[in-house]
Amino acid sequence: MASYLVKKAVGPVDISAEWDSPVWANAVTQKLEVVFDKSSSHHPCTEIRMVYDDQGIYGLFQVKDRYVRAVQKADQGQVCTDSCVEFFVRPAGEKKYFNFEMNCGGTILLYHVLNCRSHEYDLVPQADLDSIKRFHTLPKIVDPEIQEPTTWRLGFAIPMSFFTKYTAIDPKLSGQVWHANFTKCADQTSHPHWLSWMPLSKLDFHLPDEFGELVFE
């Protein structure tokens, strides 16, 4: 099973900092290299870097993209139809997982899921969505689609209080092993595609038993 090492942040984490800034420079870079057959010929280079500290977990996606679109205006809308990046994670010892799905404009969809395909999940309420900070280099709405090559970033900060509210995890993360996947999609753009860190047995990102390891330094 593949693993991703989440390093401890060396100082305050600014999710809006540049990709190669000191905040992110020492983080492990993970490229999403699995491309599903249903995809168009456009396979954007998608990478993520993550760090953590006692206050929370932080991530920054960078996408070298084209055909970029975002029309979902409200949280809990179907952002997977837009140019979208996703962080699926099941904390240690938990049966349920979270699907942090965020389009390039920062709009989020987030469920607490036991089994998505049998509709066994709870929508995370807006007050808790609002606790998750998001940074995006593109406008909230991107319409019409950006056809030319465009590099965009999406940063997120999930407070430890979010995880302790919904799970029984130890907030001291050092040494813990969670399970996760990073994915990229754009279902209803002119060049749809589906990318993943982990190889999956089918084109379905809701396969927690096929997640990789998320190892906290």
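Which residues lie nearest the centre of the largest pocket? In this predicted model, Cys80, Glu101, Arg117, Asp187 and His206 hold that position, within a lining of 18 residues. The space in the largest pocket comes to about 340 Å³. Two or more lining residues are contributed by each of two elements, strand E7 (84-90) and strand E8 (97-103). By residue class, the lining of the largest pocket comprises nine nonpolar, three polar and six charged residues.

Aromatic contacts were examined next. The structure contains 23 aromatic pairs. In one of these, the ring centres of Tyr52 and Phe216 are separated by 5.3 Å and the ring planes meet at 85°; the pair is therefore edge-to-face, the angle being over 60 degrees. This pair connects distant parts of the chain, since Tyr52 belongs to strand E4 (residues 45-53) and Phe216 to strand E17 (residues 212-216), with the two positions 164 residues apart. Both Tyr52 and Phe216 are buried. Another pair is formed by Phe88 and Tyr97, whose ring centres lie 6.4 Å apart with planes at 35°, so this arrangement is classed as tilted. Phe88 has a relative accessibility of 0% and therefore counts as buried. Tyr97 is likewise buried, with a relative accessible area of 0%.

The strands that carry Tyr52 and Phe216 also take part in pairing with strand E1. Strand E1 (residues 3-8) is joined to E17 by four bridges in the parallel sense. Within this pairing, Ser3 has Glu213 of E17 as its bridge partner. Strand E1 also runs parallel to E4, to which two bridges connect it. Here Lys7 is partnered by Val51 of E4.

The cysteines were then considered with respect to covalent links. A disulfide is a covalent bond between the sulfur atoms of two cysteines. A search covering the whole structure returns zero disulfides. For Cys84, the closest cysteine sulfur is that of Cys185, at 4.3 Å, which is too far for a bond because a disulfide requires the sulfur atoms to lie within 2.5 Å. For Cys104, the closest cysteine sulfur is that of Cys84, and the distance of 8.8 Å is again too far for a bond. Cys84 has 0% relative accessibility and so counts as buried. Cys104 is also buried, its relative accessible area being 0%.

Definitions and conventions: Residues numbered from 1 in each chain as written. Predicted model: local features only at pLDDT ≥ 70, side-chain atom pairs only at ≥ 80, totals over all residues. Heavy atoms only, no water. Phe/Tyr/Trp six-rings, centres within 6.5 Å; stacked < 30°, edge-to-face > 60°. Buried < 20%, exposed > 50% of the residue type's maximum accessible area, 1.4 Å probe, protein only. Pairing = 2+ DSSP bridges. 1 Å grid on protein atoms, 1.4 Å probe; cavity = no way out; pocket = protein on both sides within 12 Å on 5 of 7 lines; lining within 4 Å. Points joined across faces, edges and corners; volume = space filled by probe spheres on them. Nonpolar A, V, L, I, M, F, W, Y, C, P; charged D, E, K, R; others polar.
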